[in-house]
Amino acid sequence: MSFALLVPQEVYFGKGEIRRLPEVVARFGRLAFVVTGSRPAPVAFGNAVRWSVHGEPEIGTADEGARLCRESGCDVVVGIGGGSVLDSAKAAAALAPNGGEALDYLEGAGRGRVLERPSLPFIAVPTTAGSGSEATRNSVLRAPSLKVKRSLRSELMIPRVALIDPQLSESCPLPVAASAGLDALTHLIEGFVSIGAQPTTDALALKGIVLATQGLVSLSRGKPDVEAMSLASFWGGIVLANAGLGAVHGLIAPLGGRFDVPHGMGCACLLAATMRTNIEALRTRAPESPALQRYAEIATALRDIPDLDRLRADLGVPSLGAFGFTPDQIPGVIAGSRAGSMNYNPITLTDSELEGILRESS
């Protein structure tokens, strides 16, 4: 068996590690482009250009960030925030030296250009535990005119440094923490049954599912375990970057493009129904598939969660209908799902099976 593993070149993990950030940034450049969300950076920078982003990232967001970074002469990019902030920063770091627009390079929906120049050195500092963007080679962007979310993706986009300080996620509001945590759980589960799974991702995924379960149950009881969730998030990012995902992420691409569905919330809504549908399809059409044994191992790892739907409710995650999704939208969503992550699902699901997932999740 032959496989390669894509990971950040440097990883710092632990409470208090944020103190390292100024020194780490100084090693990679003279002028930093610092991207944050609504909260300011948790440490002081000397020479830096600051940019604040809000909401789910769009192709226009990435284009603006790349322009500001390029015009300012920045030579290192730092993203400090949740998945949306990290994806915005990562996209800006990739586009700044390559030129053009995000739509030129967008996977499965763009103009077919390929990123040829390495990204500016990118340092990822997550303040939520879930997206795994601190370890991935892609940036998920919404393309409003196309009504879809797609990835800007390249091995050249892997963060140079992942600096993960679990203390940064301690003040996360419950809805944000729940959405992020369920996103991480989805990455780990889908990566474990993906047709692209490999021994290293298998080991991280199975242990990560246990950690994510521990963290989510604690969160539902009002006692967040930020270290468990931060590690599960990071491992989930490595898993998705190297193994691929599945039908949940295949469906969330058009859902996120058509409706105001935050990525993690959408994954949380779809996960349980997708697992049930995959298992039934495998039992019916591919009973010898090793994915069935993998689902049995997942069930063991999830033993502290009696029911994923109940956990979602306990964490206050609503159904898809709360975000404006209605049954008449099902055909368009299914049509837009047959690309990217869907190709890594352990079995090809029929339109009828995908419709059932959407109806169960709404």
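**Helices, cores and two polar side chains in a predicted model**

Helix H3 is mostly covered, with 15 of its 16 residues buried. The structure described here is a predicted model, and H3 makes a convenient place to start looking around. This helix takes in residues 83–98, and its first and last C-alpha atoms are 23 Å apart, close to the 22 Å expected at 1.5 Å a residue. Just after H3 comes Gly 99, which has a positive phi, near 75°.

Two further helices can be read in a similar way. Helix H5 runs over residues 174–193, and its 20 residues should span 28 Å at 1.5 Å a residue; the end C-alpha atoms lie 29 Å apart, which agrees. Burial is again the rule in H5, where 17 of 20 residues are buried. Helix H9 covers residues 263–285, and for its 23 residues the corresponding expectation is 33 Å, in agreement with the 30 Å between its end C-alpha atoms. H9 does not run straight throughout, as a bend of about 40° is found at Leu 271. Of the 23 residues in H9, 17 are buried, so that this helix too is mostly covered.

The nonpolar interior comes next. The largest nonpolar core holds 71 residues, and those touching the most other members are Leu 185, Leu 255, Leu 270, Ile 298, Leu 302 and Leu 358. H9 gives the most to this core, contributing eleven residues. A closer look at Leu 302 shows contacts with Leu 185, Ile 189, Ile 209, Thr 213, Met 275 and Leu 308, when residues up to four places away in sequence are not counted. There is also a second, separate core, made up of 19 residues, with Tyr 12, Leu 21, Val 76 and Val 78 among them.

Strand S8, residues 161–164, is covered on both faces: Val 161 and Leu 163 are buried on one side, and Ala 162 and Ile 164 are buried on the other. S8 runs parallel to strand S1 (residues 10–13), to which it is joined by four bridges. Within this pairing, Phe 13 has Ile 164 of S8 as its bridge partner. S8 also pairs with strand S5 (residues 122–126), again in the parallel sense, over two bridges. Here Ala 124 stands opposite Ala 162.

Two polar residues deserve a visit of their own. Asn 345 sits in the loop between helix H12 (330–335) and helix H13 (351–360). With a relative accessible area of 5%, Asn 345 falls under the 20% cut-off and therefore counts as buried. Its side chain reaches the backbone nitrogen of Ala 247 at 3.0 Å. Beyond residues up to four places away in sequence, the residues touched by Asn 345 are Ile 195, Leu 245, Gly 246, Ala 247 and Asn 278.

Asp 63, by contrast, belongs to a helix, namely H2 (residues 59–72). Its relative accessibility is 24%, which lies between the 20% and 50% limits, so Asp 63 is partly exposed. A polar atom of the Asp 63 side chain lies 2.7 Å from the backbone nitrogen of Ala 102. Apart from neighbours within four places in sequence, Asp 63 is in contact with Leu 95, Glu 101 and Ala 102. Arg 221 is another matter: the C-alpha atoms of Asp 63 and Arg 221 are separated by 41 Å, with their positions 158 residues apart along the chain.

How values were computed: Residues are numbered from 1 along each chain as its sequence is written. This is a predicted model: local features need pLDDT of at least 70, side-chain atom pairs count only at pLDDT 80 or more; totals for chains, interfaces and linings use all residues. Side-chain values use heavy atoms; hydrogens and water are left out. Buried means under 20% relative accessible area, exposed over 50%, partly exposed in between (1.4 Å probe, protein chains only). A polar contact is a pair of N or O atoms within 3.5 Å; within protein, one must be able to donate a hydrogen and the other to accept it, and residues adjacent in sequence count only if both atoms are side-chain atoms. Contact means heavy atoms within 4.5 Å. Two strands pair if DSSP finds at least two bridges between them. The expected span of a helix is 1.5 Å times one less than its number of residues. The bend at a residue is the angle between axes fitted to the seven residues ending there and the seven starting there. A nonpolar core is a set of buried Ala, Val, Leu, Ile, Met, Phe, Trp, Tyr and Cys residues joined through side-chain atoms within 4.5 Å.
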